[in-house]
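Trainee: Could you take a close look at the sheet in this one and walk me through how the strands pair up and what packs on them?

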Amino acid sequence: MTETTKDIEYYLNLPWTLVEGTDVDFDGKPYCYVEIKEIPSFTFTAKTQEQARQNYKNQLRLTLQVMLEYGDEIKEPA
């Protein structure tokens with residue numbers, strides 16, 4: 001059995017647990033967000049939920065690159 005290489009593409013394609021919602025900023029303007037349950041420091045915001053869903057992976061890629069570079073533990077989805 002070959003061991004799976006756990007590189008950036010491996011992590012990007014995991015079935016992350018997304019937490020989606022809406023909130024208001026300090027000026028009372030609404031925004032939408034996507035969080036990843038397994039990465040508590042990850043939050044991506046956008047004006048609409050559709051934009052947040054479409055674009056959070058770009059931020060996830062950057063977050064994972066930093067985590068891999070620094071040797072941080074990446075908790076995988078169950």
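What follows goes through the sheet strand by strand and then turns to the helix on it.

Mentor: Sure, and keep in mind that this is a predicted model. The sheet is an open one, built from three strands in the order 1-2-3 with antiparallel pairing. Strand 1 and strand 3 sit at the edges with a single partner strand each, so one side of each has no neighbour in the sheet. On average, and ignoring direction, neighbouring strands here are turned by 30° against each other.

Now the pairings. Strand 1 covers residues 18-24 and strand 2 covers residues 30-36; they run antiparallel and are joined by seven bridges. If you want a spot to click on, Thr22 stands opposite Cys32 in strand 2. The hairpin of these two strands has five residues between them, and that's where you'll find Gly28 with a positive phi near 80°.

On the other side of the pairing story, strand 2 is joined to strand 3 (residues 39-46) by five bridges, again antiparallel. The hairpin from strand 2 to strand 3 goes through two residues. Ile36 has Ile39 as its bridge partner in strand 3, while Cys32 has Ala46 as its partner there. Put that together with the earlier pair and you can trace a line across the sheet: Cys32 has Thr22 opposite in strand 1 and Ala46 as its bridge partner in strand 3. As you look along any of these, remember that side chains in a regular strand alternate between the two faces of the sheet.

Then there's what lies on the sheet. Helix 2, residues 49-70, packs on the sheet and touches strand 1, strand 2 and strand 3, with its direction making about 140° with that of strand 3. For a closer view, pick Thr63, which is in helix 2. Leaving aside neighbours within four places in sequence, Thr63 is in contact with Ile39 and Phe42. Ile39 is a residue you've already met, as the bridge partner of Ile36. Is Thr63 buried or exposed? Its relative accessible area is 16%, and the cut-off for buried is under 20%, so Thr63 counts as buried.

Conventions:
Residues are numbered from 1 along each chain as its sequence is written. This is a predicted model: local features need pLDDT of at least 70, side-chain atom pairs count only at pLDDT 80 or more; totals for chains, interfaces and linings use all residues. Side-chain values use heavy atoms; hydrogens and water are left out. Two strands pair if DSSP finds at least two bridges between them. Helices (H or I, at least four residues) and strands (E, at least two) are DSSP runs, numbered from the N terminus. Axes are lines fitted to C-alpha atoms, for helices over the stretch in contact, and angles run from 0 to 180 degrees between N-to-C directions. Contact means heavy atoms within 4.5 Å. Buried means under 20% relative accessible area, exposed over 50%, partly exposed in between (1.4 Å probe, protein chains only).
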